[in-house]
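Reader: Could you walk me through how the parts of this model pack together? I have the view open.

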Amino acid sequence: MRRKIVAGNWKMNNNQSESNILIHSIIEKNSENSSCNIYVSPSFPFLKDAVLTCSKSNIKVLSQNVSHLTNGALTGDVSCTMLKSIGINSVIIGHSERRKIFGETNEVLLKKIKICLENNLEVFFCIGEEIEARNNNKHFSVIENQLKETVFMLEKIDPKNLVIAYEPVWAIGTGLTASPEQAQEMHKFIRQKFTEKFSESISSKLSIIYGGSVKPSSAKNIFNQPDVDGGLIGGASLNANDFSDIINSI
Ligand code: PGA
């Protein structure tokens, strides 16, 4: 059985008290949930508080980013060993905003993936195509290339420490969700590529989640697809009711 996952990607939102209130509210509304793994991702300054608040709950804390090195002269960066030292065990890598705004290439993303896995951090690795690629029927080759230049460079993978988030860039924050059929088609393709590269026994255990304008109204139909194992939720994860409705759609 694959893990079902609903993770909130808070991005650069919520100050300390807003972050606290939201986490408490998510814990309260979802304390009985055992059907999926639930994650929240406050910004760096609030991660330690979040770890403490969530420690006795079923909610896990996810970092939105990490450095590609463990220490050194990298002003403003935060390393995986620093994250581990405050109890963080999971990290988002390769979000399209990091790729586009901060120029993170597949090369640097591969370094981040490697260093996280070496340090026993679970990686949520994001991939996704731009609208031009989809319009030109190049979406499959773009995704395959993103995989080839990153996770497929690894000798082996463990589905316990790796989650793939398929996030079509044209659907992120735009209100344009991929249709359940578009999501299923791409998730199936991704799983097939993992089968070819590694093995069926690995790909069948790999959680592949969908991200891009998932709302309470659209979650159920997307999550019902056989190769969709949950979601990475941006905007709707900032509201405890909406996020909990999405969690309950699993
Ligand atoms: P969105 O963001 O749900 O607001 O589209 C998803 C993401 O960026 O992970």
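Reader: Thanks! How are helix 10 and helix 11 oriented to each other?

Author: Happy to help; this is a predicted model, where local features need pLDDT of at least 70, side-chain atom pairs count only at pLDDT 80 or more, and totals for chains, interfaces and linings use all residues. Residues are numbered from 1 along each chain as its sequence is written, and side-chain values use heavy atoms, with hydrogens and water left out. Helix 10 (residues 216-223) and helix 11 (residues 240-248) pack with axes 8 Å apart at about 20°, on lines fitted to C-alpha atoms over the stretch in contact, with angles from 0 to 180 degrees between N-to-C directions. Angles under 35 degrees count as roughly parallel, over 145 as roughly antiparallel, 65 to 115 as roughly perpendicular and the rest as oblique, so helix 10 and helix 11 are roughly parallel.

Reader: Which residues in helix 11 meet helix 10?

Author: Contact means heavy atoms within 4.5 Å. From helix 10 come P216, A219 and F223, and their counterparts in helix 11 are D242, D245 and I246.

Reader: Lovely. What is the bridge partner of I5 in strand 2?

Author: Helices (H or I, at least four residues) and strands (E, at least two) are DSSP runs, numbered from the N terminus. Strand 1 (residues 5-8) and strand 2 (residues 37-40) pair in parallel over three bridges, pairing being called when DSSP finds at least two bridges between two strands. In strand 2, the partner of I5 is N37.

Reader: How many strands make up the closed barrel?

Author: The order runs 1-2-3-4-5-6-7-8 with parallel pairing. From one strand to the next, the twist averages 25°. The strands in this closed barrel number eight.
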